[in-house]
Amino acid sequence: MIAMLAVLTAAVFSTATHTDTTFVARSGARLEINNFGGDIAVETWTRNAVRVEADHGARVGVVVDADAGVVEVRATTRLGVPTTVDFRLTVPRGMSLKLTTIHGDIDVKGVEGDVEASSVQGDVSVGGPARSVKAGSVEGDASVSGARGKVEVSSVNADASAEHVAGPISISSVNGDVTLSAVESDDVEASTINGEVRYEGAIRDRGSYRFSSHDGGITVAIPDRAGAAVSVSTFSGGFSSAFPIPWSGARRSNQFSFTLGNGGARIELESFQGEIRLQRPGTGKDRMKERDAEKSKAKHRAKTHDDGDDESDEGNRP
Amino acid sequence: MTITPAHDPWTDRLSEYVDGEMRPVDREALEHHLAGCPACSVALAELRSVVARAHALEDRAPADDLWPGIATAIAATPRRAPVARPPADWWRRRLDLTLPQLAAAALVVAALSAGTMWIALARSPLRAPAPGATAPVASSPAAASQQTAPAPASPTAVTAATADVVNPRYDRAVAELEQALADGRGRLDPRTLQVLEQNLRTIDRAIGEARRAVAADPANAWLRSHLATTMKRKVDLLRTAAMLTAGRG
């Protein structure tokens with residue numbers, strides 16, 4: 001019976017408000033969830049099977065559709081009205097995922113495959129040794145940690161962050177901060193329009209590190225022995241460094257370059273009207289933590305306020 | 001503005017510069033050259049824009065984008081479109097193009113309208129261009145119209161200084177995307193719509209500030225690049241907004 005579910009479409013309609021089903025996953029299959037409302041949480045186990053737990057309204061069904069290497073899990077109602085379902089999945093570690101939701105958070109832990117996760121109004125968090133990650137949100141935070149391969153992180157109206165990542169990174173926001181920490185990549189591009197950019201991590205020989213903001217500052221921690229050709233560009237911002245800069249040659253007041261060590265890496269620091277700061281690793285962490293804690297509290301308050309304003313019996317948002 | 005295959009030796013090395021493969025001494029010399037060469041500055045800005053666009057587009061077919069996936073979630077009849085399978089190392093692929101190729105590639109990118117650009121580019125690689133193609137740097141009168149702070153130069157001066165970065169095709173693409181958002185705004189959650197519009201205003205303000213800075217210092221390569229990059233951010237956000245609205249239609 002379990003094996004059949006892997007190859008046939010299975011619709012699980014029930015009058016209960018909780019679904020719990022487990023089915024065998026074909027090796028190499030990708031799991032997709034396109035959710036309208038509700039959270040999606042994913043964890044891993046060593047079994048070659050997928051467990052789907054879902055909390056939903058009484059008239060909601062959960063459909064598992066396995067076809068051509070893709071396992072699709074979705075919520076459905078008899079009238080086709082978009083509905084809210086909170087999914088909790090347990091998947092094989094190597095499985096790849098493609099998860100989307102409109103009103104809800106996405107939280108992925110421990111997956112080693114490729115992960116795509118996007119939300120419109122919620123936070124997106126992907127942690128673990130994923131082969132590649134594409135995480136994005138319009139209104140919520142987007143964060144990635146521990147990924148081994150290529151990472152793309154984006155938010156429109158909130159913060160984007162990545163930590164303990166090693167592959168090429170592209171991370172951006174429009175109206176939010178961009179934070180990278182414990183990075184071991186040689187290819188980093190971080191940008192925002194109205195926010196701060198912060199980087200702490202390796203500066204590798206022949207690596208490329210580009211940081212830009214329009215309104216906000218840029219803070220980069222340069223390890224003691226890092227070698228890099230550094231270019232600094234600003235229109236009306238400033239520049240400061242916590243360590244001596246080996247100036248050479250002529251420089252304009254707001255656009256200049258210099259070489260640290262062997263000049264092996266390339267670092268571009270660009271802020272139209274923010275402060276560009278160089279510092280040593282470890283400095284400023286307390287200030288960053290304080291700031292992050294403040295933002296987290298503010299966000300929690302806002303979310304609590306929203307939830308209080310948004311109570312409905314079934315949680316549906318047609 | 002028309003860029004013809006230049007004899008400036010630096011133009012042939014801009015691709016190398018963008019790819020970070022230039023020796024530090026050459027890089028420094030090129031950057032010094034860029035400060036006094038508007039043509040190379042424009043070409044560099046276009047090159048970065050084209051490379052960024054190409055990288056952003058080569059990895060996905062339209063249906064493989066995150067946002068159509070979201071759209072599918074709420075569509076009446078779920079559909080599954082074929083998924084493009086890019087090479088594993090697609091993001092490291094170096095675009096080794098000559099200036100004319102880049103110029104024409106920029107034109108191709110700019111010319112594609114909001115309704116066709118992703119489909120067209122996802123289905124075919126950047127084509128070899130005809131020499132001497134036009135390669136304008138994009139700009140947006142719409143963005144300029146939303147400037148809130150007084151410009152440092154007169155309107156005439158701004159127009160003259162930025163005439164070479166105006167691109168009607170870009171403006172048309174932006175206008176189409178803005179229209180798509182306007183048409184579909186009723187299908188978006190009001191809060192999401194408000195967020196999108198606030199962020200578009202944020203980008204428009206940044207574009208306005210960058211345009212005024214370019215007007216005050218037209219030869220500044222970095223300012224031009226910053227302007228082009230910021231304008232691309234607007235297109236990216238409009239594209240996201242349009243996809244959200246279209247998906248719910």
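Start by selecting Ile218(A) and everything it touches: beyond four places in sequence, the contacts are Val197(A), Phe211(A), Ser213(A), Leu269(A), Ser271(A), Gly274(A), Ile276(A) and Arg277(A). Keep in mind as you click around that this is a predicted model. Ile218(A) sits in strand E22, residues 218–221 of chain A. Is Ile218(A) buried or exposed? Buried, because it has 28 C-beta neighbours inside 10 Å, and the cut-off for that label is 20 or more. Now draw a distance from Ile218(A) to Val197(A): the two are 21 residues apart along the chain, yet their C-alpha atoms are separated by 4.7 Å.

**Strands side by side in chain A**

Next, bring up strand E17 (residues 169–173) and strand E19 (residues 187–192) of chain A. E17(A) and E19(A) run parallel and are paired over four bridges. To see how they line up, pick Ser170(A) and look across to Glu189(A) in E19(A), which stands opposite.

Stay on E19(A) and add strand E21 of chain A, residues 208–213. This pairing is parallel as well, with six bridges. Which residue of E21(A) is the bridge partner of Thr192(A)? Pick Ser213(A) and you have it. Ser213(A) is also one of the contacts of Ile218(A), where the tour began.

Before leaving E19(A), select Val188(A), which belongs to that strand. Val188(A) counts as buried because 25 C-beta neighbours fall inside 10 Å. Its contacts beyond four places in sequence are Ile169(A), Leu180(A), Val183(A), Tyr209(A) and Arg210(A). For another distance to draw, try Pro168(A): it is 20 residues from Val188(A) in sequence and 6.0 Å away in space, C-alpha to C-alpha.

**The nonpolar cores**

Now go to Ala162(A). Leaving out neighbours within four places, Ala162(A) is in contact with Val144(A), Ser145(A), Val151(A), Val153(A), Ile169(A), Ile171(A), Leu180(A) and Val183(A). Ile169(A), Leu180(A) and Val183(A) appear here and among the contacts of Val188(A) too.

Ala162(A) is part of the largest nonpolar core, a set of 69 residues. Along with Val126(A) and Val144(A), it touches the most other members of that core. A second core lies apart from this one; it has 44 residues, including Met22(B), Leu181(B), Ile207(B) and Ala241(B). In soluble globular proteins, nonpolar side chains tend to be buried together.

**Two loops with unusual backbone**

Most residues other than glycine have a negative phi. Chain A offers a couple of exceptions to click on. Select His164(A), in the loop between strand E16 (160–163) and E17 of chain A. Its phi is positive, about 50°, although it is not a glycine. His164(A) is partly exposed, because 16 other C-beta atoms lie within 10 Å.

Then move to Arg206(A), in the loop between strand E20 (197–201) and E21 of chain A. Here phi is near 65°, again positive in a residue other than glycine. Arg206(A) counts as exposed, because 12 other C-beta atoms lie within 10 Å.

**Over to the helices of chain B**

Select helix H9 of chain B, residues 168–184. At 1.5 Å a residue, its 17 residues should span 24 Å, and the end C-alpha atoms are indeed 24 Å apart. Colour its buried residues: Tyr170(B), Ala173(B), Val174(B), Leu177(B), Ala180(B) and Leu181(B). Then look down the axis of H9(B): the buried residues fall within an arc of 120°, so they line one face of the helix. Leu181(B) you have met already, as a member of the 44-residue core.

Helix H10 of chain B, residues 190–216, is the next pick. Its 27 residues should span 39 Å at 1.5 Å a residue, and the ends agree, with their C-alpha atoms 39 Å apart. Since 19 of the 27 residues of H10(B) are buried, the helix is largely enclosed by the rest of the structure. Zoom in on Asp204(B), which is in this helix. Asp204(B) is buried, with 21 other C-beta atoms within 10 Å. Lys234(B) is 30 residues away along the chain, and its C-alpha atom is 7.6 Å from that of Asp204(B).

**Last stop: where the chains meet**

Finally, show both chains and select the contact between them, which takes 37 residues from chain A and 29 residues from chain B. On the chain A side, the strands giving two or more residues include E3 (30–37), E9 (96–103), E13 (132–137) and E26 (265–271). Colour that side by type and you get twelve nonpolar, 18 polar and seven charged residues.

Definitions and conventions: Residues are numbered from 1 along each chain as its sequence is written. Chains are lettered from A and ligands numbered from 1 in the order in which they are written. This is a predicted model: local features need pLDDT of at least 70, side-chain atom pairs count only at pLDDT 80 or more; totals for chains, interfaces and linings use all residues. Two residues are in contact if their C-beta atoms, placed from the backbone, lie within 7 Å. Ala, Val, Leu, Ile, Met, Phe, Trp, Tyr, Cys and Pro count as nonpolar, Asp, Glu, Lys and Arg as charged, and the others, Gly among them, as polar. The expected span of a helix is 1.5 Å times one less than its number of residues. The arc is that of the directions from the helix axis to the C-beta atoms. Two strands pair if DSSP finds at least two bridges between them. A nonpolar core is a set of buried Ala, Val, Leu, Ile, Met, Phe, Trp, Tyr and Cys residues joined through C-beta atoms within 7 Å.
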